[in-house]
Amino acid sequence: MADNIDIHEAVGADGQTETSARRIKRALANGKKERISKNASNKIMLGVFRLAAAITTLVLVAIIAYVVINGLPHVNPTFIFTWPHGVNAEGGIWPTIVSTVYVTALAMLICTPIAVLAAVYLAEYAKQGRLVNIIRYAADTLASVPSIVMGLFGYALFVEAMGLGLSMISAALALALLMLPIIMRTTEEAIRSVPRYIRWGAYGLGATKWQVVSKIVLPSAFGRIATGIVLGIGRAIGETAVVLYTMGQAVNMPFTPFDSGRPMTVHLYLLANDGINMNAAYGTALLLMAIILAFNLFARWLSRKSK
């Protein structure tokens, strides 16, 4: 059939089949002549790429080293497992760690089912066309919304309009909106990457659409889906503006979703902004950075394992 022509072949101007190798040679022959030799230009660009990679690596290493040098001397079991005291600038940060884990887990429980089901619909059930493209564009736009805008939206909708107040559930709903496009788009790409012949084989054995999706496609894409979930969690842990406007600043130990709290990012912001205890600020920054790094490494491990 005409639409099943091998991707390595094409019909040339003379009507004869032209291989990809001939097309490449023809493109190189008809291209603009370079002023310098191809070997020299290759070495120059290789040097530029290496310089860019070195600068990026040095900046990352400098940031990590600065936080580690200033924060590591102040991180100890007492700092991790005790409560703040005084004006909440002395002592430990245990309630902030609990609040961070609490609100992130709650946001994940809210966001993950919606994002995965939406991705399954877009990849497997929706008719590809303008509507699906609009949904994908809306998800990509939502992913680029500044966190402070999402925080103000969460405050207006969840805290004020819905009457949930400054609480874990308000912050979790706002964070779920931030995580939603990340998990949804990652899940969709993971589902679309599952080879079509696996689906065809299942259909040939008499499986229904839902059986193929639930028994074949989702298990095959589980590694990449889990990677997207972990990346979304890492994004949620590092947010400040969203939880500042929806959770509050009270140093509480949260028990129910309607309790308030102070996550690590807000605690770090207040310590650094007031400048009353920079040692505790550096220690909090180091622990927060370690948690986010652990999630990112876990995501890379899941990605490699799925491959």
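**Notes on a predicted chain**

1. Let's start with how the chain folds back on itself: of the contacts in the protein chain with a separation of 6 or more, 69% come from residues 24 or more positions apart. Do keep in mind that this is a predicted model. Several of the long-range pairings turn up again further down.

2. What is the chain built from? Its secondary structure comes to 13 helices and four strands. With a radius of gyration of 26 Å, well over the 19 Å that the globule rule gives for 307 residues, the protein chain is more spread out than a compact globule. Along the principal axes, the C-alpha trace spans about 85 × 60 × 35 Å.

3. Now the inside and the outside. Of the 307 residues in the protein chain, 36% are buried. The chain exposes about 18200 Å², and carbon and sulfur atoms supply 66% of that area. As for charge, there are 26 positive and 15 negative side chains, with the centres of the two sets 9 Å apart.

4. Which residues touch the most other members of the largest nonpolar core? They are Val103, Leu175 and Met179, in a core of 57 residues. Helix α7, residues 168-192, gives the most to this core, with 14 residues. If you want one residue to click on, try methionine 179: leaving aside neighbours within four places in sequence, Met179 is in contact with Ala107, Met108, Cys111, Gly232, Ile233 and Ala236.

5. Stay on helix α7 for a moment, since alanine 174 sits there too. Buried or exposed? Alanine 174 has 0% relative accessibility, so it counts as buried, the cut-off being under 20%. Apart from neighbours within four places in sequence, Ala174 is in contact with Met150, Gly154, Phe158, Val242 and Thr246. Asparagine 70 is another matter: it is 104 residues from alanine 174 along the chain, and their C-alpha atoms are separated by 32 Å.

6. Next, helix α4, which covers residues 94-125 and holds serine 99. Serine 99 is buried, with a relative accessible area of 0%. Not counting residues up to four places away in sequence, Ser99 touches Met168, Asn252, Pro254, Gly261, Arg262 and Pro263.

7. Isoleucine 97 is in helix α4 as well, and at 14% relative accessibility it counts as buried. Where does the chain come back towards isoleucine 97? Proline 263 is 166 residues apart from it in sequence, yet the two are 6.5 Å apart in space, C-alpha to C-alpha. With residues up to four places away in sequence left out, Ile97 touches Ile80 and Met264.

8. Look now at the loop between α11 (241-246) and α12 (264-274), where methionine 253 has its place. Which residues does methionine 253 contact, leaving aside neighbours within four places in sequence? They are Trp83, Trp94, Pro95 and Val98. Threonine 96 is 157 residues from methionine 253 along the chain, with 8.1 Å between their C-alpha atoms.

9. Serine 260 is found in that loop between α11 and α12 too. Its relative accessible area is 17%, so serine 260 is buried, given the cut-off of under 20%. Serine 260 and alanine 250 are ten residues apart along the chain, and their C-alpha atoms are separated by 6.6 Å. Setting aside residues up to four places away in sequence, Ser260 touches Leu166, Ser167, Met168, Met247, Gly248, Ala250, Asn252 and Pro254. Met168, Asn252 and Pro254 were also among the residues touched by Ser99.

10. Last stop: helix α12. Which of its residues are buried? In α12, these are Met264, Thr265, Val266, His267, Leu270 and Leu271. An α-helix has 3.6 residues a turn, so residues three or four places apart point the same way. What follows the helix? Right after α12 comes glycine 275, whose phi is positive, near 65°.

Technical notes:
Residues numbered from 1 in each chain as written. Predicted model: local features only at pLDDT ≥ 70, side-chain atom pairs only at ≥ 80, totals over all residues. Heavy atoms only, no water. Helix = DSSP H or I, 4+ residues; strand = E, 2+ residues; numbered from the N terminus. Rg over C-alpha atoms; globule rule 2.2 N^0.38 Å. Buried < 20%, exposed > 50% of the residue type's maximum accessible area, 1.4 Å probe, protein only. Contact = heavy atoms within 4.5 Å. Areas by Shrake-Rupley, 256 points an atom, 1.4 Å probe, with all protein chains shown as cover. Lys, Arg positive; Asp, Glu negative; His and termini not counted. Charge placed at Lys NZ, Arg CZ, Asp CG, Glu CD. Core = buried A, V, L, I, M, F, W, Y, C linked by side-chain atoms within 4.5 Å.
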